[in-house]
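Colleague: Please take a close look at one part of this model for me. I would like to see how neighbouring pieces of the chain pair up. Start with the whole, then zoom in.

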Amino acid sequence: TFNLVNRIVGANSGDQIVVQKANSEVLKTYTHNGSAWYSGRSSASSIEIAPGDGCWIYAKNATAVNFQ
């Protein structure tokens, strides 16, 4: 698995990550509020993607995304 939380440099309010798990039709959206990532009202300390999962990153304010 790959944790996206620490891979986005300069994340700020309005940035979003959308994850679709390989075994689910449900998309889960995480939005940065300026200090942390949230899904709905719950904070997210990790946003993990695994082989076969899909993700979209909307970098409204982030300066870089590091996939290493």
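**From the whole to two hairpins**

Modeller: Of the protein's 68 residues, 25% count as buried. Keep in mind that this is a predicted model.

Now the overall plan. There are nine strands and zero helices. In sequence order, the pattern reads β-β-β-β-β-β-β-β-β. The radius of gyration is 11 Å, close to the 11 Å that the globule rule gives for 68 residues, so the protein is as compact as a globular protein of that length. Along the principal axes, the C-alpha atoms fill a box of roughly 30 × 30 × 20 Å.

Which parts of the chain touch? Take the contacts with a separation of 6 or more. Of these, 61% link residues 24 or more positions apart. The outside matters too. About 4400 Å² is exposed, and carbon and sulfur atoms supply 45% of that area.

Now zoom in on E3, E4 and E5. Strand E3 covers residues 16–20, and strand E4 covers residues 27–32. The two run antiparallel, joined by five bridges. Find glutamine 20. Opposite it, in E4, stands leucine 27. E3 and E4 form a hairpin, with six residues between them.

Follow E4 onward. Its next partner here is strand E5, residues 37–39. This pairing is also antiparallel, but over two bridges. Look at histidine 32. It stands opposite tryptophan 37 in E5. E4 and E5 form a hairpin as well, with four residues between the strands. In that hairpin, glycine 34 takes a positive phi near 110 degrees. So E4 has a place in both hairpins, the one with E3 and the one with E5.

One general point helps when you look along a strand. In a regular strand, side chains alternate between the two faces of the sheet.

For contrast, go to strand E9, residues 64–65. Alanine 64 sits there. Is alanine 64 buried or exposed? Neither label fits: its relative accessibility is 35%, so alanine 64 counts as partly exposed. Which residues does alanine 64 touch, leaving aside neighbours within four places in sequence? They are Arg7, Ile8 and Val9. Serine 43 is 21 residues away from alanine 64 along the chain, and their C-alpha atoms are separated by 22 Å.

Last, the charges. The protein has 5 positive and 4 negative charges, and their mean positions are 8 Å apart.

Conventions: Residues are numbered from 1 along each chain as its sequence is written. This is a predicted model: local features need pLDDT of at least 70, side-chain atom pairs count only at pLDDT 80 or more; totals for chains, interfaces and linings use all residues. Side-chain values use heavy atoms; hydrogens and water are left out. The radius of gyration is taken over C-alpha atoms; the globule rule is 2.2 Å times the number of residues to the power 0.38. Buried means under 20% relative accessible area, exposed over 50%, partly exposed in between (1.4 Å probe, protein chains only). Contact means heavy atoms within 4.5 Å. Accessible areas come from the Shrake-Rupley method with a 1.4 Å probe; for residues, only the protein chains shown count as cover. Lys and Arg count as positive and Asp and Glu as negative; His and the chain ends are not counted. The place of a charge is taken as NZ of Lys, CZ of Arg, CG of Asp or CD of Glu. Two strands pair if DSSP finds at least two bridges between them.
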